[in-house]
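User: Please take a close look at the salt bridges in this model, and at how the charged residues in them are placed.

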Amino acid sequence: MSDRCLLRGLNHISGVNKHSRASLGKRCLQTKEKPLTPSSGDVETPSIQPFSLSDQTKSEVKHHSSLANYWWNPLGPLKGLHTLNKLRVPFICEGLKAQHKISSEALNTPQPLKNQNILEIGCGGGILTENLAQIGATVTALDLSEELITLARQHLSLQQNHQLVNRVNYKIEPIELHANYRKDYYDAVVISEVLEHVDDKLGFLTASVETLKPGGSMFITTLNKTISMWIVGVLIGEYILRMIPIGTHHYGKMISPEQVEHILNAMNCDTILVKGSSYNFFHNSWRWTKSTTLFYALHAIKN
């Protein structure tokens, strides 16, 4: 979706009612491709319909599914996702504390996210999902890749922690369908390193907000749409250093924090914090920065 089309969509959505916004995400799933079927193990899901994916989305799913064998290797091509937990997990905890959803005392316990009901969209093989569950959160984790959800379930089963396993529910399902039966349901929605792979960001974020309780928090981490990001993340990271699998990121799909904030504002959400971050390829380490030129984390509240 071009920037111009995105703005036209925002101008339209600002003037429609909640029912119309909820149906927006459904339309993006209507293709002529043979539909996929959500996982049969989701017994609590009421009459979920088969869903279809666009060719672009299928390509993204295929690319990430091809990395399944490396997903849980902390020294492999996805090692940056593992170390990113050191930034994004505290970002989520501190954000919930700032909104008085968890106490300062709880923040210093082994399970600061106890009793928090969280939705993670685009969970992949579960690197962030398990970390959130380990510190007490009940997590519903969605992904479109059957291979990655299978991997995530298998890895979770190896933890030999019955309580941990019971706190995680992996589902092969797009957010547009999930939002049909989980409106105003979650305390927090997490979209981490996913938005830069989404074609219809307007429909995707619309459905995501629908699942969030009023007063709930949305946490997003993604890549900024800048020439610097393209040079560092794509040209150098993928094609020169080969530290990121080639074809992982595309400049046209990146999005600025201002655009994300504009979309969320149309969805009656207030962005309360945007923080920049950077990644050191050679040390496999992340740090917060004053600039959002490369990566950024965003926290918004649903009114």
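Analyst: What follows covers the salt bridges, then one buried threonine.

This is a predicted model, in which local features need pLDDT of at least 70 and side-chain atom pairs count only at pLDDT 80 or more, while totals for chains, interfaces and linings use all residues. Residues are numbered from 1 along each chain as its sequence is written, and side-chain values use heavy atoms, with hydrogens and water left out.

The structure holds five salt bridges, a salt bridge being a side-chain nitrogen of Lys or Arg within 4 Å of a carboxyl oxygen of Asp or Glu. One of them pairs Glu 60 with Lys 253, with 2.7 Å between the closest N and O atoms. Glu 60 belongs to helix α3 (residues 55–65) and Lys 253 to the loop between α11 and α12 (257–266), so this pair ties together parts 193 residues apart in sequence. Helices (H or I, at least four residues) and strands (E, at least two) are DSSP runs, numbered from the N terminus.

Lys 253 also forms a salt bridge with Asp 199, where the closest N and O atoms are 3.4 Å apart. Asp 199 sits in the loop between β4 and α10 (201–210), so its pairing with Lys 253 in the loop between α11 and α12 ties together parts 54 residues apart in sequence. Glu 60, Asp 199 and Lys 253 are thus linked in a network of salt bridges. Both Glu 60 and Lys 253 are buried, and Asp 199 is buried as well; buried means under 20% relative accessible area, exposed over 50%, and partly exposed in between (1.4 Å probe, protein chains only).

Another salt bridge joins the side chains of Asp 187 and Lys 213 at 2.9 Å, N to O. This pair links strand β4 (residues 186–192), which holds Asp 187, to strand β5, which holds Lys 213, 26 residues apart. Asp 187 counts as buried because its relative accessibility is 17%, whereas Lys 213, at 32%, counts as partly exposed.

Strand β5 (residues 212–223) also contains Thr 221, which is buried at 9% relative accessibility. The side chain of Thr 221 makes a polar contact of 2.7 Å with that of Ser 192 and one of 2.6 Å with that of Glu 193. A polar contact is a pair of N or O atoms within 3.5 Å; within protein, one must be able to donate a hydrogen and the other to accept it, and residues adjacent in sequence count only if both atoms are side-chain atoms.
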